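Please open the model in your viewer and keep the sequence panel beside it. The stops below say what to select next and what is to be found there.

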Amino acid sequence: MTTVSGTTGYSARAIAPVVLARLRERDDAGRPAAPYTDEEGGAPLRCCLRRSEPGERIALVSYAPLRRWAAETGATPGAYDEQGPVFIHARECAGPAGESRPFSDAHRVVRRYGADGRILGGRLVGEGAARFDAAFAEAFDDPAVALVHVRAVEYGCFLYEVRRGRATGD
């Protein structure tokens, strides 16, 4: 995964380039990607953790973030292995450009998961990077929390993940 570090060391993790390449072919629901031109802009792109610009080619694909994480870690998320819609660039992009707390301009949910992939709770977070950092610190103060997902309130869509530990430049 490509990460963007904040001053606290908690890293927003974009979808990894190798995973994006697969999603651009066939998404986690088995459907081929259907790129289109975004006429209005504003779609939250999970490949580069920014909003789309009018005229960019993007795709809306189904993504299963816990399934991907479980494949790396050996976790078994069971019923929490959900998949949902994410926007990505239709072609490879440069990845995140340094915003440490992407999509922090609205209320979000910080959902906590244990090392086994089971949900451990969540917290509604208000606007502002400092509030996100406080929510990440609170989550990772619990030794049972392995990672968190930042999700949209209105649709529940996955925006990005943050894992336990400090940024390592990965």
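Begin by selecting Phe132, which is buried because its relative accessible area is 0%, where buried means under 20% relative accessible area, exposed over 50% and partly exposed in between, computed with a 1.4 Å probe on protein chains only. This is a predicted model, in which local features need pLDDT of at least 70 and side-chain atom pairs count only at pLDDT 80 or more, whereas totals for chains, interfaces and linings use all residues. Residues are numbered from 1 along each chain as its sequence is written, and side-chain values use heavy atoms, with hydrogens and water left out.

**Around helix H3**

Add Phe136 to the selection: at 0% relative accessibility, Phe136 counts as buried. Phe132 and Phe136 both lie in helix H3, four residues apart, which is about one turn of the helix; helices (H or I, at least four residues) and strands (E, at least two) are DSSP runs numbered from the N terminus. An α-helix has 3.6 residues a turn, so residues three or four places apart point the same way. Now extend the selection to Tyr10 and Phe140, since Tyr10, Phe132, Phe136 and Phe140 form one aromatic cluster. Rings of Phe, Tyr and Trp (its six-membered ring) pair if their centres lie within 6.5 Å, and planes under 30 degrees apart count as stacked, over 60 as edge-to-face and the rest as tilted.

A search of the whole structure finds four aromatic pairs. The rings of Tyr63 and Phe158 have centres 5.6 Å apart and planes at 55°, so this pair is tilted. It links distant parts of the chain, with Tyr63 in strand E6 and Phe158 in strand E11, 95 residues apart. Phe132 and Phe136 also form an aromatic pair, and theirs is edge-to-face, with 6.3 Å from centre to centre and 70° between the planes.

**The nonpolar cores**

Which residues have the most contacts inside the largest nonpolar core? Select Val110, Phe136, Phe140, Val148, Val150, Tyr160 and Val162, which have the most contacts inside this core of 19 residues; a nonpolar core is a set of buried Ala, Val, Leu, Ile, Met, Phe, Trp, Tyr and Cys residues joined through side-chain atoms within 4.5 Å. Helix H3 (129–140), E10 and E11 each supply at least two residues of this core, and H3 gives the most to it, with five residues. Apart from it lies another core, of 16 residues, among them Leu20, Ala43, Leu45 and Cys48.

**Helix H2**

Move next to helix H2 (residues 65–73), whose buried residues are Pro65, Leu66, Trp69 and Ala70. They cover an arc of only 125° around the axis, which puts them on the same side of H2, the arc being that of the directions from the helix axis to the C-beta atoms. The buried residues of H2 pack against strands E6 (56–63), E8 (108–114), E10 (145–152) and E11 (158–163). Just after H2, look at Gly74, which takes a positive phi of about 85°.

**Salt bridges**

The whole structure contains 15 salt bridges, each a side-chain nitrogen of Lys or Arg within 4 Å of a carboxyl oxygen of Asp or Glu. Select Arg13 and Glu161, whose side chains meet in a salt bridge at 3.5 Å, N to O. Arg13 lies in strand E2 (residues 11–13) and Glu161 in strand E11, so the pair ties together parts that are 148 residues apart in sequence. Is Glu161 buried or exposed? Glu161 is buried, with a relative accessible area of 1%, and Arg13 also counts as buried, at 10% relative accessibility. Arg13, Glu72, Glu161 and Arg163 are linked in a network of salt bridges.

Then select Asp28 and Arg68, where the salt bridge has an N to O distance of 2.5 Å. Asp28 lies in the loop between helix H1 (17–25) and strand E3 (36–38) and Arg68 in helix H2, so this pair ties together parts that are 40 residues apart in sequence.

**Cys157 and the confidence of the model**

Cys157 is found in the loop between E10 and E11, and it counts as buried at 16% relative accessibility. Not counting residues up to four places away in sequence, Cys157 touches Arg46, Pro85, Val150, Arg151 and Ala152, a contact meaning heavy atoms within 4.5 Å.

Finally, colour the model by pLDDT, the predictor's confidence in each residue, from 0 to 100. The protein averages a pLDDT of 89, and 91% of the residues score at least 70, but pLDDT stays under 50 over residues 166–170.
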